[in-house]
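Grab a pencil and work through these exercises one at a time. Try each task yourself before you read its solution.

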Amino acid sequence: MSLERGYEQQLSINSNHIDSSVNEFTTAFLDSSVDQEIITLVSTNRRDIPPIHFGLLIYASYQFALLDTQNQSDLSDISWHEAISHINKHNLDLLEESILEKHVSITSPGRYSALAIATKSLFDNPQDLVVLDAGCGYYPMGIGHSLEEYLPYALDQESNNLVESINGNGFPYKKALAVDIQKPEPAWAAACTWQPLDQLHDTFSKFSEAKNNVSSSVEFQQLDLIEKPPNVSENVDVVFLANVLYQLSDQQKEKFLSNINKVIAEDGIILTADYLPGGSRKREFTYAVQSKVLVNGDISPGQNLFYLDTASCSQIRTADQH
Ligand SMILES: C[S@@+](CC[C@H](N)C(=O)[O-])C[C@H]1O[C@@H](n2cnc3c(N)ncnc32)[C@H](O)[C@@H]1O
């Protein structure tokens, strides 16, 4: 299938998206006069992007351009049809720039609570571990943020054991290195969320505030992990790959993993948070945290540790509860 065809197919999937704001946007975009032009722009210039990543990149880029042009009161009753024609008139350059350069970066603190719980279940002393968060997204919202308030229904609701075990301990690792190809930017993080337009500006303010809330135990490095490994002073014990691999083609994945291989300790592990094969937002508990290892440069199929209700992770089940 041609890339262009793949992108069009992804748009038709997004016009039936489970989230109504993505759905509304896609319908308005396909009705607009610029849809073909933008599909051609992407299929010519962003051959690195798999179709599954593409529809959401367009959506996020429009939200980003809109944040740059509108103030909060303008957003309160604007429709996607109006917003798209407004951007086409006033802010097409910024729109095109983000479509050409950016990566979708939906960051969820809940995922990091799930990963902290998983780490705790595998290691006696997580506070001695060096962790690499590869493809960290907007890191103040994930690993750099306090983990306690997320995942409130974690695990066994009768004993509540694992929730207690991460609560109250502050930052749960010795140190963490958070790496992403793009630098943390509140406006882009807000643009990547799936919220109704009237909430976009509030989300942007919330993320700007979160930026001041970064743990001093997290070091951030901006780099492309397909191109090079992170700079480390000691090898890392645990690598988090949370919702990252789906954005990479097979060829990119191989290079990305080979760079991780260069910094992981001999007995280090990888924890992934991802949908299981065939999993989806429409079917609860098909999202899982798995522990994996690298074998001859490839990632092992992995062992399921926990199942989560969705990718935003507000409820968790153990493998034996499943
Ligand atoms: C969907 S976000 C997930 C963010 C975060 N890990 C989470 O689970 O909440 C995927 C992230 O991977 C990053 N990414 C994609 N390709 C990358 C690369 N080649 N090197 C480093 N980061 C990359 C994107 O910029 C994006 O922030």
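Domain bounds here come from an automatic or database domain assignment. Before you start, know that this is a predicted model: local features need pLDDT of at least 70, side-chain atom pairs count only at pLDDT 80 or more, and totals for chains, interfaces and linings use all residues. Residues are numbered from 1 along each chain as its sequence is written.

**Exercise 1. The two domains**

Find how the protein chain is divided, and describe the side of domain 1 that touches domain 2.

Step 1: Mark domain 1 at 3-101 and domain 2 at 110-184 + 192-317. Their centres, taken over C-alpha atoms, are 27 Å apart.

Step 2: Look for contacts (C-beta atoms, placed from the backbone, within 7 Å). You'll find 17 residues of domain 1 in contact with 15 residues of domain 2.

Step 3: See which helices supply the domain 1 side. Helices (H or I, at least four residues) and strands (E, at least two) are DSSP runs, numbered from the N terminus. The helices α2 (20-31), α4 and α5 (72-75) each supply at least two residues, and α4 gives the most, with six.

Step 4: Sort that side by class. Ala, Val, Leu, Ile, Met, Phe, Trp, Tyr, Cys and Pro count as nonpolar, Asp, Glu, Lys and Arg as charged, and the others, Gly among them, as polar. That gives 10 nonpolar, five polar and two charged residues.

**Exercise 2. Two helices**

Work out how far α4 reaches, and how far α8 reaches.

Step 1: Get the expected span, which is 1.5 Å times one less than the number of residues.

Step 2: Take α4 (residues 51-69), with 19 residues: the span from its first C-alpha to its last is 28 Å, close to the expected 27 Å. For α8 (residues 109-122), with 14 residues, the span is 20 Å, close to the expected 20 Å.

Step 3: Check burial. A residue is buried if 20 or more other C-beta atoms lie within 10 Å of its own, exposed if 12 or fewer, and partly exposed in between, with C-beta atoms placed from the backbone. In α4, 14 of the 19 residues are buried, so the helix is largely enclosed by the rest of the structure. Helix α8 is mostly covered too, with 11 of its 14 residues buried, among them R111, Y112 and L115.

**Exercise 3. The largest nonpolar core**

Which residues touch the most other members of the largest nonpolar core?

Step 1: Pin down the term: a nonpolar core is a set of buried Ala, Val, Leu, Ile, Met, Phe, Trp, Tyr and Cys residues joined through C-beta atoms within 7 Å.

Step 2: Among the 82 residues of this core, A114, L115, V239 and F306 touch the most other members. Helix α4 gives the most to the core, with 11 residues, and each of the two domains supplies at least three.

Step 3: Zoom in on L115. Leaving aside neighbours within four places in sequence, L115 is in contact with F240, A242, L271, A273 and V289.

**Exercise 4. Positive phi values**

Is N243 buried or exposed, and where does it sit?

Step 1: N243 is found in the loop between β4 (236-242) and α12 (250-261). Its phi is near 55 degrees, a positive value in a residue other than glycine.

Step 2: Count neighbours: N243 has 20 C-beta neighbours inside 10 Å, so it counts as buried.

Step 3: Now try F285, in the loop between β5 (264-275) and β6 (287-292). Phi of F285 is near 60 degrees, again a positive value in a residue other than glycine. With 17 other C-beta atoms within 10 Å, F285 is partly exposed.

Definitions and conventions. Contact = placed C-beta atoms within 7 Å.
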